[in-house]
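Work through the exercises below with the model open. Try each task before you read its solution.

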Amino acid sequence: MACETEKWLIFHLFLLVASYMRRSCVHGESPQVPCVFIFSDSISDNGNNNNLVTQAKANYKPYGIDFPPTGQLGRFTNGLTTIDSITKLLGFEKFIPPNANTSGADILKGVNYASGSAGIRDESGIQLGERIPLRSQIENHKIIVSEIVNKLGSVSEANKYLNKCLYYMNIGSDDYINNYFMPEIYPTSRIYNPEQFAEVLINQYSLEILDLHNIGARKFILVGLGLLGCTPNAIAKSGNNGSCVESQNAAPFIFSQKLKSLVDKFNAELHDSKFIFVNFTAGPVQSTPAFTVINAPCCPTREDGMCVPDSVPCPNRDDYVFYDEFHPTEAFNNFSALASYDSSVSPDSTYPMDIKQLAQYSI
């Protein structure tokens with residue numbers, strides 16, 4: 001009976017994802033919001049790092065091998081990222097383009113500023129090479145906003161437009177993986193205990209968010225950190241016999257709790273805006289039997305945890321949570337997107353409302 005129940009759950013979840021994707025791709029229907037702006041790291045990067053001098057780039061096979069229609073390199077997964085799937089659910093026919101190669105009218109649909117290995121702190125990820133930290137992503141956005149002002153004719157018209165857009169912010173993992181958890185390179189873990197470091201990050205993050213608010217952002221999606229101690233990389237380095245590294249789960253959990261509190265604070269103080277918190281550690285994806293391989297990468301990996309160039313990944317990619325040692329598969333990303341978009345799928349994944357409700361929310 002238990003086995004039959006698990007099969008039904010897997011089938012039901014796949015039907016949900018497929019149904020939403022079909023509905024969101026009906027031609028002729030307008031997207032639920034005019035544009036989406038994305039501030040993030042490798043979890044959302046879709047090509048901004050391709051021409052940077054860095055190890056943190058995914059512009060080679062087997063990355064993107066399942067991306068429609070012929071594979072698009074630059075995403076740190078086999079196909080769609082979570083934000084790709086979210087924008088499809090919102091009704092966008094085309095994916096939000098990377099800042100590195102967007103121009104013209106494209107900017108009115110939004111821009112993806114995400115950069116692999118980028119953090120809230122400027123120095124995070126520096127050992128990997130060039131990256132575009134959050135502060136620089138926001139400076140890039142200010143340039144785009146000035147272009148939107150020119151296209152729409154005035155600051156007031158641009159603000160009316162931008163007030164309706166979604167601002168997706170999923171960043172902070174590299175402040176731990178490529179900073180706090182690397183005491184041999186970074187001093188932060190010797191300067192701050194986990195509580196203090198989370199507070200430092202949140203304080204800086206809040207200033208960056210307020211900067212965006214000052215240039216028209218009103219609808220914010222703030223994404224908490226995942227179980228960083230459960231990545232294949234963390235497990236392999238720990239020698240825990242396949243078990244998660246709890247200390248590397250506990251520290252970012254403090255950050256996520258403070259981020260949720262920041263959502264409450266901003267919602268109470270900024271009455272012209274709406275903030276939601278997305279919790280990627282509470283959704284059904286973490287426990288669903290749809291994913292049978294949760295602590296190993298799908299592709300052969302090199303020493304830094306990225307896929308070996310031109311290697312052959314696992315054929316059963318939909319069974320895996322992780323594509324390489326850090327980044328999820330498209331299948332996991334699709335489930336994460338659906339849980340973020342529709343709270344009926346996973347009531348604990350979003351707070352105080354889901355992305356679908358935020359898109360409909362009147363500012």
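The exercises cover disulfides, salt bridges and one arginine.

The model is predicted, so local features need pLDDT of at least 70 and side-chain atom pairs count only at pLDDT 80 or more, while totals for chains, interfaces and linings use all residues. Residues are numbered from 1 along each chain as its sequence is written, and side-chain values use heavy atoms, with hydrogens and water left out.

**Exercise 1. Disulfides**

Find how many disulfides the structure holds, and give the pairing of the bonded cysteines in sequence order.

Step 1. Apply the cut-off: a disulfide is a pair of cysteine sulfur atoms within 2.5 Å. The structure has four.

Step 2. Number the bonded cysteines of the protein chain in sequence order. The pairing reads 1-2, 3-4, 5-8, 6-7.

**Exercise 2. Cys35 and Cys165**

Describe the link between Cys35 and Cys165: sulfur distance, handedness and burial.

Step 1. The sulfur atoms of Cys35 and Cys165 are 1.9 Å apart.

Step 2. The S-S torsion of this pair is about 60°, so the disulfide is right-handed.

Step 3. Place both ends, taking helices (H or I, at least four residues) and strands (E, at least two) as DSSP runs numbered from the N terminus. Cys35 sits in the loop between helix H1 (2-24) and strand E1 (36-40), and Cys165 in the loop between helix H4 (155-162) and strand E3 (166-170), so the disulfide ties together parts 130 residues apart in sequence.

Step 4. Check exposure: buried means under 20% relative accessible area, exposed over 50%, and partly exposed in between (1.4 Å probe, protein chains only). Cys35 has 0% and is buried. Cys165 is buried too, with 0%.

**Exercise 3. Two further disulfides**

Which handedness does the link of Cys230 and Cys244 have, and which does that of Cys298 and Cys314 have?

Step 1. Cys230 and Cys244 are joined with an S to S distance of 2.0 Å. The angle about their S-S bond is 115°, and the link is right-handed.

Step 2. Cys230 lies in the loop between strand E4 (219-223) and helix H8 (232-238), and Cys244 in the loop between H8 and H9, 14 residues apart. Cys230 is buried at 14%, whereas Cys244 is partly exposed at 26%.

Step 3. For Cys298 and Cys314, the S to S distance is 2.0 Å. Their torsion is about -105°, so this disulfide is left-handed.

Step 4. Cys298 and Cys314 both lie in the loop between strand E6 (293-297) and strand E7 (320-322), 16 residues apart. Cys298 is buried at 6%, and Cys314 is buried at 8%.

**Exercise 4. Salt bridges**

State how many salt bridges the whole structure contains, then examine the pairs Arg75–Asp84, Arg135–Glu208 and Glu199–Lys258.

Step 1. Use the criterion: a side-chain nitrogen of Lys or Arg within 4 Å of a carboxyl oxygen of Asp or Glu. The search returns 15 salt bridges.

Step 2. Arg75 meets Asp84 at 2.6 Å, N to O. Arg75 is buried at 1%, and Asp84 is buried at 3%.

Step 3. Arg135 meets Glu208 at 2.4 Å, N to O. Arg135 is in helix H3 and Glu208 in helix H7 (residues 194-214), 73 residues apart. Arg135 is partly exposed at 23%, while Glu208 is buried at 6%.

Step 4. Extend the search from this pair. Arg135, Glu139, Lys142, Glu208 and Asp211 are linked in a network of salt bridges.

Step 5. The closest N and O atoms of Glu199 and Lys258 are 2.8 Å apart. Glu199 is in helix H7 and Lys258 in helix H9 (residues 246-269), with their positions 59 residues apart. Glu199 is partly exposed at 35%, whereas Lys258 is buried at 17%.

**Exercise 5. Arg121**

Is Arg121 buried or exposed, and which residues does Arg121 touch?

Step 1. Arg121 lies in the loop between strand E2 (110-112) and helix H3 (134-152).

Step 2. Its relative accessibility is 16%, so Arg121 counts as buried.

Step 3. List its contacts (heavy atoms within 4.5 Å). Leaving out residues up to four places away in sequence, Arg121 touches Pro133, Asp175, Asn179, Thr188, Tyr192, Phe197, Val200, Leu201 and Gln204.

Step 4. Add the side-chain pairing. Arg121 and Glu123 share a polar contact of 2.6 Å between their side chains. The term covers a pair of N or O atoms within 3.5 Å; within protein, one must be able to donate a hydrogen and the other to accept it, and residues adjacent in sequence count only if both atoms are side-chain atoms.
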